[in-house]
Amino acid sequence: PVAWLNGEFLPQSEARISPMDRGFLFADGIYEVVPVFAGKPLAIEQHLIRLTQSLESIQHPNPLSIEQWTTTIEQLIEKNGGGDIGVYIQVTRGSYQKRTHQFPPLENTQPTVFMTASSLPAFSAEAIGNGFHAITSDDFRWGRCDIKSVALLGHCMLRQQSFEQDAIETLLEKDGWLTEGTSSNVFLIKDGRLLTPKADLRILNGITRQLVIDLARQADIPVEIRDIHIEALFKADEVFITSSTKDLLPIVKIDNKTVANGQPGPIWEKLTQTYQQLKSQ
Ligand code: PMP
């Protein structure tokens, strides 16, 4: 793929940064993934707002204006041939001569700004129609999961657990409460109502999550955004996960227990159809 590093387009394989980069030393940086369908980014404004919020949370100025981000992303999409791709964006606090925990003075550092394109995971209609398996695990991640930080070791360790069990995602529980997946948000359907945990410090407020909530409201599906006990997963009529790169994926088995009748449900089906329409607009 063609990447973009600090103002320059170049082949991804040629991009280089310093080992003194604080992203490398401390995971002192944030990222964003903008999904692109048929060459068109979906909800780019929301992604750029979240990028700005992540930067504000780590006390870092936004290195580009919204217009500069938009133009650069459009150019990157074009240079990568358009189609269905994910645009990966990362901003770190850059490198400094000394490894210090406190942030170095802004005037002495240049952020590292990196973008690249990657293919989106492809799920066959058959796989989606059968539904996916998930497992649950203790959410031992840090206390600021609202920031889209590149410090993802906890996420990786927890995802590895489901990977080793041939499951698509690890659904996380903090003190008995459902939070999210390692790279997705989670929704339940119970008695015709759409339930999802509230977007506090324990989860990343997914853009797909926000789009799905809007679509549900437009379709007059009652939405409840609240604390959800982990056990509610096993009593739900439907469960599905959402992310920019995976859309809405139905979960039909959790910890080897079948969700309802073990088939993707009608409300997931309806929401996924309206989401596909939104993607192709
Ligand atoms: N939670 C976490 C921890 C994630 O990493 C992601 C995707 N990057 C999501 C939720 C879903 O967010 P989005 O819908 O914006 O892709």
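Here is a short chat about a predicted model, taking in its domains, one helix and the ligand shell.

Visitor: How far apart do the C-alpha centres of domain 1 and domain 2 lie?

Guide: Start with the split: domain 1 covers 2-119 and domain 2 covers 125-279. Take the C-alpha centre of each domain, and the distance between the two is 27 Å.

Visitor: Which element supplies the largest share of the side of domain 1 that touches domain 2?

Guide: The contact takes 19 residues from domain 1 and 11 residues from domain 2. On the domain 1 side, strand E3 (29-37), helix H2 (44-57) and strand E5 (85-92) each give at least two residues. By class, that side of domain 1 divides into nine nonpolar, eight polar and two charged residues. The largest share, seven residues, comes from E3.

Visitor: What should the 14 residues of helix H3 span, and what distance separates its end C-alpha atoms?

Guide: H3 runs over residues 66-79, and each residue counts for 1.5 Å, so the expected span is 20 Å. The end C-alpha atoms agree with that, being apart by 20 Å.

Visitor: Where do the buried residues of H3 sit around the axis, on the same side or not?

Guide: The residues in question are Trp69, Ile73, Leu76 and Ile77, which are buried. An α-helix has 3.6 residues a turn, so residues three or four places apart point the same way. The buried residues of H3 cover an arc of only 100° around the axis, which means they lie on the same side.

Visitor: Which exposed residues does H3 carry on the face turned away from its buried side?

Guide: First, the buried side: the cover over the buried residues of H3 includes strand E1 (2-5), E3, strand E4 (40-41), H2, E5 and strand E6 (112-119). Now flip to the face turned away from that buried side, and the exposed residues there are Glu67, Gln68, Thr71 and Glu78.

Visitor: Which residue with a positive phi follows H3?

Guide: Look just past the helix, which covers residues 66-79. The residue there has a phi near 85°, and it is Gly81.

Visitor: Which element gives the largest share of the shell around the ligand?

Guide: There are 13 residues around the ligand, and Leu204, Gly206, Ile207, Thr208 and Ser244 come nearest. Sorted by class, the shell has three nonpolar, eight polar and two charged residues. Helix H6 (207-218) and strand E13 (238-243) each supply at least two of the shell residues. The largest share, three residues, comes from H6.

Key
Residues numbered from 1 in each chain as written. Predicted model: local features only at pLDDT ≥ 70, side-chain atom pairs only at ≥ 80, totals over all residues. Near = placed C-beta within 6 Å. Helix = DSSP H or I, 4+ residues; strand = E, 2+ residues; numbered from the N terminus. Nonpolar A, V, L, I, M, F, W, Y, C, P; charged D, E, K, R; others polar. Domains from an automatic or database assignment. Contact = placed C-beta atoms within 7 Å. Expected span 1.5 Å × (residues − 1). Buried ≥ 20, exposed ≤ 12 C-beta atoms within 10 Å, placed from the backbone. Arc of directions from axis to C-beta.
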